[in-house]
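This report describes one protein chain and the ligand beside it. Look at the sequence and the structure first, then read on.

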Amino acid sequence: MRPEILNPLFAEVEALKGVGPNIAKALSRLRISRAIDLAYHLPTGTIDRVRAPAASAALIGQIVILDLTPFEARAGAGRAPLRIFASDGDGNTITLTFFNNPGWAKKQLPLGEKRVVVGKLDAWGDEWQIVHPEVFEPAAASDLALREPVYGLTEGVANKRMRELALAGFERAPELAEWIEPSLLAREQWPAWRAALAQVHSEPAATRARKRLAYDEIFANQLALLLLREVARRKRGVPLQGDGRLTSRLRLPYQLTDAQTRVIGEVRGDMAQDRPMLRLLQGDVGSGKTLVALLAMLEAVEAGAQAAMLAPTEILARQHLATLQRQCEALEVRVAILTGREKGRAREAVLMGLADGSIDILVGTHAIFQQPVLYHRLGLIVIDEQHRFGVSQRLLLSEKAERPPHLLAMTATPIPRTLTLTHYGEMDVSKIDQMPPGRTPIETLVISDNKLGDVIDGLGRHLAAGGQAYWVCPLVEESETIDAAAAEDRAATLRQRFGSEKVGLVHGRLKGADKDAVMASFASGDLGVLVATTVIEVGVDVPNATLIVVEGAERFGLAQLHQLRGRVGRGTQASRCILLRGQALTESGRARLALMRETNDGFRIAEEDLRLRGPGEILGLRQSGEQCFRIASPEDVAELAPLAQADARLLIDRDGGLASERGQAARMCLYLFERDAAVGLLRSG
Ligand code: ADP
Ligand code: MG
């Protein structure tokens with residue numbers, strides 16, 4: 001349980017003076033719901049105001065504080081704004097313009113009475129004007145700050161109010177004992193935690209204070225991961241060593257690449273230990289991770305255990321099932337599937353088979369870890385597409401089992417080194433850094449979407465030559481309905497042109513069975529074009545599909561584009577990726593597309609993606625609901641994560657139970673960043 005000293009900070013915002021449901025609701029849009037969220041709602045910069053005796057041309061464009069006397073109000077006709085003319089006592093007239101709330105404005109600015117007006121001075125032809133100024137009575141304006149921190153705002157909470165709220169949140173912060181290694185603190189000249197918060201709220205540019213706050217967050221994360229690792233390592237697993245009776249009979253149409261051979265060696269080495277394996281396997285799309293998974297699973301089966309493979313989507317689970325069944329056909333290995341769609345008797349049969357050990361390998365979605373699923377002897381878990389499987393879920397897995405199974409997590413999202421450290425710090429990493437031989441590099445073109453007609457003509461020629469193609473529709477919003485509508489429109493256009501029997505459509509709102517049916521007829525070659533939203537991001541293999549068109553490509557993140565592109569180029573045929581870009585291309589959109597054209601190197605793309613968009617997006621943390629860093633910027637992470645990891649490791653080496661004075665302080669830091677589960681591990685482990 002969270003220490004009491006932190007309770008005031010973790011109180012709901014409504015507990016603060018003057019915060020009712022309306023403000024609470026407005027704040028929730030900024031993901032602020034508790035006092036601590038306000039305390040950590042750090043200012044993004046400052047505004048400077050100029051107090052001037054009178055308006056002058058030199059002040060145009062600046063935020064000014066002026067003493068003005070209104071002398072005429074002119075209500076606008078229809079939707080025209082209210083304009084109040086005011087004099088600065090030096091012969092200049094300033095127009096104060098209000099687009100809404102004219103009644104309020106007139107009351108604030110009675111004619112003939114002096115008021116202090118604050119706002120940005122604009123020139124509008126010969127006129128000087130201030131739009132929507134703040135207005136004060138002279139007595140109330142005496143302590144107007146010339147410099148004010150500015151905060152991220154939302155409708156219904158203006159800057160002044162937000163600052164008050166942030167400070168009110170901060171007021172609830174207690175003094176806490178220091179958790180940072182003293183020598184590091186001294187070297188970096190970082191202030192104490194509470195002092196650092198205070199400093200940033202009063203001087204947003206306070207670099208050292210900001211760094212310290214970022215460090216805290218990264219440190220808490222490192223510490224949590226290391227604790228996770230420690231606990232997982234302390235538990236005894238089941239050593240699994242195969243005798244080769246299955247793998248030796250596997251008939252593969254190709255040879256393992258050197259990278260695959262190396263990686264499977266690392267995996268086998270881990271599985272033979274009685275410490276459970278915790279390994280992350282990174283390998284670009286198409287690098288052949290599934291085969292590594294198969295070999296590892298067969299190893300487990302040879303050793304008398306069961307293996308389970310978790311896929312992120314239903315479609316992918318079914319494809320894995322098909323692949324595994326094909327590969328295991330000649331072997332006496334029983335493979336089954338369990339997803340939300342297996343119901344009734346089929347489901348019962350699978351559950352029975354798992355419990356009595358007659359099923360060797362289970363493939364499925366999250367259903368395979370749900371309550372009624374009991375395994376006879378689960379020895380290995382393979383997680384495909386790790387980035388959708390967050391730290392919290394990993395925690396759950398390791399907490400549950402008495403003798404935890406070995407864990408192999410696979411990801412096709414090449415993860416930059418610093419992110420591997422901060423998000424998978426507890427895992428060992430293997431990389432497949434080599435593609436199977438004979439692949440032709442994918443040609444990537446960026447084409448303006450006013451050439452849509454030409455692209456569709458090109459698609460026609462591709463289909464006529466017997467090719468198949470993916471057509472990916474843009475992510476308009478974070479709304480599946482709207483995305484689905486865009487995809488439906490495009491499918492309709494293409495059906496008109498190529499015939500409705502040639503064009504299939506899948507999107508997120510389609511039911512599992514329907515989706516599978518469409519995918520199946522695309523895979524069998526009945527369909528020529530598959531129109532899709534990003535549901536094909538991790539999808540089934542269709543060797544003949546050698547063209548992919550991505551509409552609205554600038555709206556996709558780099559990692560996502562790279563994944564999409566990985567749908568083609570999986571065989572030896574030449575293939576092509578066309579990125580259709582919209583007219584309103586932003587600078588970063590342009591940079592992403594240029595990079596896509598330039599390189600096929602997933603790791604390079606990942607590093608750039610981190611730079612351009614930040615870590616949360618890349619790891620898909622938003623989808624998984626996992627918290628990403630809120631204080632630390634990607635630059636902070638790159639700079640501070642290695643330090644924080646070393647610091648955390650040192651602490652755990654000296655004081656694994658976090659019992660010392662500094663250990664206790666570090667626990668506080670874990671609570672502050674809501675790594676409560678990690679503290680829980682300390683007690684149970
Ligand atoms: P991913 O890493 O994206 O999961 P897959 O495991 O699906 O990649 O492999 C992509 C394709 O490459 C599959 O069709 C697979 O059969 C093929 N493949 C895998 N390993 C090799 C290899 N060593 N040589 C040739 N082809 C291979
Ligand atoms: Mg795969």
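The secondary structure of the protein chain comes to 24 helices and 21 strands. The model is a predicted one. Along its principal axes, the C-alpha trace of the chain spans about 95 × 70 × 45 Å. The chain has 685 residues, and buried residues make up 54% of them.

**Aromatic pairs**

A pair of aromatic rings is described by the distance of the centres and the angle of the planes. How many aromatic pairs does a search of the whole structure find? The search gives five. One of them is formed by W179 and W193, with 6.3 Å from centre to centre and 50 degrees between the planes, and this pair is tilted. W179 lies in the loop between α4 (159-171) and α5 (182-188), while W193 belongs to helix α6 (residues 193-202), so the pair ties together parts that are 14 residues apart in sequence. Both partners are on the buried side of the cut-off, which is under 20% relative accessible area. The value for W179 is 0%, and the value for W193 is 3%.

A further pair joins W190 and Y215. Their ring centres are 5.0 Å apart and their planes stand at 40 degrees, so this pair is tilted. Planes under 30 degrees apart would count as stacked and planes over 60 degrees apart as edge-to-face. W190 is found in the loop between α5 and α6, and Y215 in helix α7 (residues 207-234), so the pair ties together parts that are 25 residues apart in sequence. W190 and Y215 are both buried. Ring pairs also bring in F219, and W190, Y215 and F219 are linked into a cluster.

An aromatic ring can also have a charge over it. The charged end of R2 sits over the ring of F10, at 3.8 Å from the centre of that ring.

**The loop between α5 and α6**

W190 shares its loop with another residue in this report: P191 also lies between α5 and α6. P191 is buried, with a relative accessible area of 15%. Its C-alpha atom is separated by 9.6 Å from that of R210, and these two residues are 19 residues apart along the chain.

**The surroundings of ligand 1**

Which residues are closest to ligand 1? They are Q255, G286, K289, T290 and R439, out of 16 residues that surround the ligand. By type, the residues of this shell divide into four nonpolar, seven polar and five charged. The table gives three polar atom pairs between the protein and ligand 1.

| Residue and its atom | Atom of ligand 1 | Distance |
|---|---|---|
| Q255, polar backbone atom | nitrogen | 2.7 Å |
| G286, backbone N or O atom | oxygen | 2.6 Å |
| R439, polar side-chain atom | oxygen | 2.8 Å |

Taken alone, ligand 1 exposes 570 Å², and the protein buries 79% of that area.

**A buried helix**

Helix α17 covers residues 558-565. Eight of its eight residues are buried, so the helix is largely enclosed by the rest of the structure. The residues concerned are L558, A559, Q560, L561, H562, Q563, L564 and R565.

**Loop residues and positive phi**

Most residues other than glycine have a negative phi. Which sign does phi of R31 have, positive or negative? Phi of R31 is near 60 degrees, a positive value in a residue other than glycine. R31 lies in the loop between α1 and α2. With a relative accessible area of 67%, R31 is exposed, because exposed means over 50%.

R34 is placed in the loop between α1 (21-28) and α2 (35-39) as well. R34 is buried, with a relative accessible area of 15%. Between R34 and G589 there are 35 Å in space, C-alpha to C-alpha, and the two are 555 residues apart in sequence.

H132 also has a positive phi, of about 45 degrees, although it is not a glycine. H132 lies in the loop between β6 (127-131) and β7 (134-136). The relative accessible area of H132 is 37%, so this residue is partly exposed: the value falls between the 20% that bounds buried and the 50% that bounds exposed.

Definitions and conventions:
Residues are numbered from 1 along each chain as its sequence is written. Chains are lettered from A and ligands numbered from 1 in the order in which they are written. This is a predicted model: local features need pLDDT of at least 70, side-chain atom pairs count only at pLDDT 80 or more; totals for chains, interfaces and linings use all residues. Side-chain values use heavy atoms; hydrogens and water are left out. Rings of Phe, Tyr and Trp (its six-membered ring) pair if their centres lie within 6.5 Å; planes under 30 degrees apart count as stacked, over 60 as edge-to-face and the rest as tilted. Helices (H or I, at least four residues) and strands (E, at least two) are DSSP runs, numbered from the N terminus. Buried means under 20% relative accessible area, exposed over 50%, partly exposed in between (1.4 Å probe, protein chains only). A charge sits over a ring if NZ of Lys or CZ of Arg is within 6 Å of the ring centre and within 35 degrees of the ring normal. A residue is near a molecule or strand if one of its heavy atoms lies within 4 Å of it. A polar contact is a pair of N or O atoms within 3.5 Å; within protein, one must be able to donate a hydrogen and the other to accept it, and residues adjacent in sequence count only if both atoms are side-chain atoms. Accessible areas come from the Shrake-Rupley method with a 1.4 Å probe; for residues, only the protein chains shown count as cover. Ala, Val, Leu, Ile, Met, Phe, Trp, Tyr, Cys and Pro count as nonpolar, Asp, Glu, Lys and Arg as charged, and the others, Gly among them, as polar.
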